[in-house]
Amino acid sequence: MDTFQPVFSSWLNAPAHQQWLAAEGLRLLAFAKASKLPEGFGNLDEKGHLPANARAETMNTARMTHSFAMAHIQGLPGFAEWVDHGVQALSGPLRDAEHGGWFAVAHALDGNTGKAAYLHAFVALAASSAVVAQRPGAHALLDDAINIIDTHFWSEEEGAMRESFNRDWSEEEAYRGANSNMHATEAFLALADVTEESRWLCRAQRIVERVIHGHAAANDYLVVEHFDRQWQPLREYNHDNPADGFRPYGTTPGHGFEWARLLLHLEAARVQAGMLTPGWLATDAQKLFDHNCRHGWNIDGLPGIVYTLDWDNRAVVRHRLHWTHCEASAAASALLKRTGDEQYERWYRLFWEFCDTHFIDRCDGSWHHELDPQNRPSADIWAGKPDLYHAWQAVLIPRLPLAPSMATALARLSQSVPV
């Protein structure tokens, strides 16, 4: 695998841009600290406050634990106790002590006792980052998460993750999802670094082969999101609920960008591990990025990337979500590092200019999570500002190599101690 140094002026090499990214990260972290609840982390409103009815949720607790662990690894004081709080919550009130695995909400107080692959991927990611951060209880949490993935979610026959089960694992959902497998790929890259087991890179490649090199490639590199248990596409899935926050109808350009970046991380990780690495990983990443830019950006006459498209590449949900633009900028930086192609520099700058103008909230803090079709802050799909994970990673990824995974890369940057 080749990596290139651009011959043109790049923001990735500009000290002022690196400082800007770091400063924005500190601002995001300070805002997110207010999400702490006795049993984990909850969802902040647009002002950065916890609503009176806020509950600790596994998704946000895992994402916050992962994010705060990376802050601690960098040497930022004041985050160790937040990592420990997350590990304790994931090891206690958010976990199903009877049947294993994790509820969506502490003690399943929302009435949902199901076990979702999407959430369990984030628990594994959080645990792996906490291990890198050398926090107490992290190894036990990681072992628990790996055991649940191995026992229930990973299908060796399919080369992918099963989607969800009921509480005692006796009933399985007749559905397969690209979204949960995408975040499993992310988690597997981190697990490969922390456990030093190549099986996680093998699993990640099998997921990518099915979801991207198979289905997305056959759909003009726009990600097919929903499948039945035999991995046949469900093209009309959620047609009547097109703006669902996790399973929207049609294709989702933001996921195209996220997958593009993950393919490059996987390629770099396999090369570092001395494993056979197919050339199509980089080629597919470029095609994912290019095709989702073409069909997602500015397609309704206004700047920004729409949330979803139909099967004729027409905008369905025209809202602009912050995580989509975080992933687009991160993918552009990854492709710029991998190829040295100046087009990715142009896209990288364009995405950050858009985020700076429309998403970054310098009045109330953090980022607006959603814009309406006229690029005005809205809350139709995502209310409040619960998500640190996407914006925090967007300011980290341009400063890190493609491999190893983020927590491990941050730890290696601080290993050389001057004498």
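**Entry 1: Leu90 and its contacts**

I looked up what Leu90 touches in this predicted model. Leaving out residues up to four places away in sequence, I found Thr58, Thr61, Ala62, Thr65, Arg95, Trp102, Val123, Ala126 and Leu141 in contact with Leu90. Leu90 itself is part of helix 3, which covers residues 80-91.

Next I asked whether Leu90 is buried or exposed. Its relative accessibility is 0%, so I put Leu90 down as buried, the cut-off being under 20%.

I also took one distance from Leu90. Ala140 is 50 residues away from Leu90 in sequence, and their C-alpha atoms are 11 Å apart in space.

**Entry 2: Asp144**

I turned to Asp144, which sits in helix 5. With residues up to four places away in sequence set aside, Asp144 touches Arg95 and Trp102. I noted that Arg95 and Trp102 are also among the residues that Leu90 touches.

I looked up the accessibility of Asp144 and read 17%. That value is under 20%, so Asp144 counts as buried.

**Entry 3: the two domains**

I then went from single residues to domains. The domain assignment lists domain 1 as 33-173 and domain 2 as 184-404. Taken over C-alpha atoms, the centres of domain 1 and domain 2 are 22 Å apart.

How many residues are in contact across the two domains? I found 37 in domain 1 and 30 in domain 2.

I wanted a figure for the interface as well. The size of an interface is often given as the accessible area lost when the parts come together. For domain 1 and domain 2 the buried area is about 2900 Å², and carbon and sulfur atoms give 60% of that area.

**Entry 4: polar links and the domain 1 side**

I looked for salt bridges between domain 1 and domain 2 and noted eight. I looked up Glu163 and Arg247 too: their side chains form a salt bridge, with N to O at 3.3 Å. For polar contacts between the domains, the count is 15 residue pairs, with both residues at pLDDT 80 or more.

Which elements supply at least two residues each to the side of domain 1 that touches domain 2? I listed helix 2 (58-73), helix 4 (117-132), helix 5 (138-153) and strand 5 (160-161). Helix 2 has the largest share of that side, with nine residues. Sorted by kind, the residues on the side of domain 1 that touches domain 2 are 19 nonpolar, seven polar and eleven charged.

**Entry 5: backbone points in loops**

I finished with the backbone. Glu196 is not a glycine, yet its phi is positive, about 55°. I placed Glu196 in the loop between helix 6 (178-195) and helix 7 (199-216). Its relative accessible area is 72%, so I wrote Glu196 down as exposed, the cut-off being over 50%.

Ser366, also not a glycine, has a positive phi of about 55°. Ser366 belongs to the loop between helix 11 (342-359) and strand 10 (370-371). Is Ser366 buried or exposed? At 5% relative accessibility, I counted Ser366 as buried.

The last item was a peptide bond. Ala403 and Pro404 are joined by a cis peptide bond, with omega about 5°. Pro404 lies in the loop between helix 12 (389-396) and helix 13 (406-413).

Key: Residues are numbered from 1 along each chain as its sequence is written. This is a predicted model: local features need pLDDT of at least 70, side-chain atom pairs count only at pLDDT 80 or more; totals for chains, interfaces and linings use all residues. Side-chain values use heavy atoms; hydrogens and water are left out. Domain bounds come from an automatic or database domain assignment. Contact means heavy atoms within 4.5 Å. Buried area is the accessible area (1.4 Å probe) that two parts lose on being put together, summed over both. A salt bridge is a side-chain nitrogen of Lys or Arg within 4 Å of a carboxyl oxygen of Asp or Glu. A polar contact is a pair of N or O atoms within 3.5 Å; within protein, one must be able to donate a hydrogen and the other to accept it, and residues adjacent in sequence count only if both atoms are side-chain atoms. Helices (H or I, at least four residues) and strands (E, at least two) are DSSP runs, numbered from the N terminus. Ala, Val, Leu, Ile, Met, Phe, Trp, Tyr, Cys and Pro count as nonpolar, Asp, Glu, Lys and Arg as charged, and the others, Gly among them, as polar. Buried means under 20% relative accessible area, exposed over 50%, partly exposed in between (1.4 Å probe, protein chains only).
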